[in-house]
Amino acid sequence: MEYPNTEQELKKKVDELNNEWHSACPENFVRYGFYPHYTKQKYRLLFVGREARGLAECDYIRTLYKCNYVVGKLMRGNFHHRMFYLAYGLLNDFPNYYDIPRAREIAVTDFKEGRLSFAFMNISTISNETCVTTRGDKYAQSKDAGVKFRRAMIDILAPDIIVCANCGCDINALADKGKLLERKSNLNTTELLQFGEKTCLLFNTYHWGATRARGIGGLYNKDHFYDPLRDAFRKFRHLIS
């Protein structure tokens, strides 16, 4: 995984932040950041999840890039597939869902060749090494200890768009200012956030790995993720600065 010369300084800042974060929160620490060509995209995209699984002491970005994404292994389940579908839509003005490539194809073509990229971090830097869906105690511990570091990561990455896997409240709490723009049943919330002089849109969706939601039933890529994000993005993208 190689970063272009224009992103070396940004990568250095992210590495320095991860080192500081690791020193403060050493338990099963997972590093986060951005993939090559992040700054070359039409919009800077930051995806935010809750916690990693089975990646203690790993660099999440490097590991997923080399071992999964560019070789077309997106793991079982919906999480990574939906992230690629949403990234593709956001960076290509949301073509009809049935016209976009399969997630694996996006990963081994557009992503591998630098035409699509994004940043990623989880709220918790503690990798879940158990079979428990979410370890509430460890999640809360890492969430509380990492507040200033998550804010620093956002300041460094300066995203135009943040998409959260049902953890938006943990991101909007970091902003200097925030405004709820819209709340809908199948896209939880759309918010306008300000971090310093940077204004960005936050879309808080259902968790990308979820198969069902209370009051909704089954969750499907097009109906509950892609199309709702498309509609909200087109409505509010003029607010990005």
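User: Hi! Where does the kink lie in α8?

Analyst: Happy to help! In this predicted model, α8 has a kink of about 30° at D227, shortly before the proline P228.

User: How far apart are the end C-alpha atoms of α8, and what should the helix span?

Analyst: Helix α8 covers residues 221-236, which makes 16 residues. At 1.5 Å a residue the helix should span 22 Å, and its end C-alpha atoms are 21 Å apart, so the two values agree.

User: Which residues of α8 are buried?

Analyst: The buried ones are N221, H224, F225, Y226, D227, P228, L229, A232, F233 and F236. Notice that D227, where the kink lies, and P228 are both on that list.

User: And what covers them?

Analyst: The cover includes helix α3 (79-91). It also includes the strands β4 (161-165), β5 (177-183), β6 (189-195), β7 (198-205) and β9 (217-218).

User: Nice. Switching to α5 and α6: at what angle do their axes cross, and how close do they come?

Analyst: The axes of α5 (residues 136-145) and α6 (residues 147-157) cross at roughly 60° and come within 4 Å. The two helices are therefore oblique to each other.

User: Which residues make that contact?

Analyst: From α5 there are S142, K143, D144 and A145, and from α6 there are V147, F149 and R150. By class, this contact has three nonpolar, one polar and three charged residues.

User: OK, backbone oddities next. What is the phi of N28, and where is N28 found?

Analyst: N28 has a positive phi of about 45°, although it is not a glycine. N28 is found in the loop between α1 (8-24) and β1 (33-34). Its relative accessibility is 27%, so N28 counts as partly exposed.

User: What about the phi of N166?

Analyst: N166 is not a glycine either, and its phi is positive, about 60°. N166 lies in the loop between β4 and α7 (169-172). With 40% relative accessibility, N166 counts as partly exposed.

User: Last topic, C58. Where is it found, and what is it in contact with?

Analyst: C58 is in the loop between β2 (45-49) and α2 (60-67). Leaving aside neighbours within four places in sequence, C58 is in contact with F29, V30, R31 and T63. C58 counts as partly exposed because its relative accessibility is 24%.

User: And how far is C58 from R230?

Analyst: Their C-alpha atoms are separated by 33 Å, and the two residues are 172 residues apart along the chain.

Technical notes. Residues numbered from 1 in each chain as written. Predicted model: local features only at pLDDT ≥ 70, side-chain atom pairs only at ≥ 80, totals over all residues. Heavy atoms only, no water. Axes fitted to C-alpha atoms, helices over the stretch in contact; angles between N-to-C directions. Parallel < 35°, antiparallel > 145°, perpendicular 65-115°, else oblique. Contact = heavy atoms within 4.5 Å. Nonpolar A, V, L, I, M, F, W, Y, C, P; charged D, E, K, R; others polar. Expected span 1.5 Å × (residues − 1). Bend = angle between axes of the 7 residues up to and from the residue. Buried < 20%, exposed > 50% of the residue type's maximum accessible area, 1.4 Å probe, protein only.
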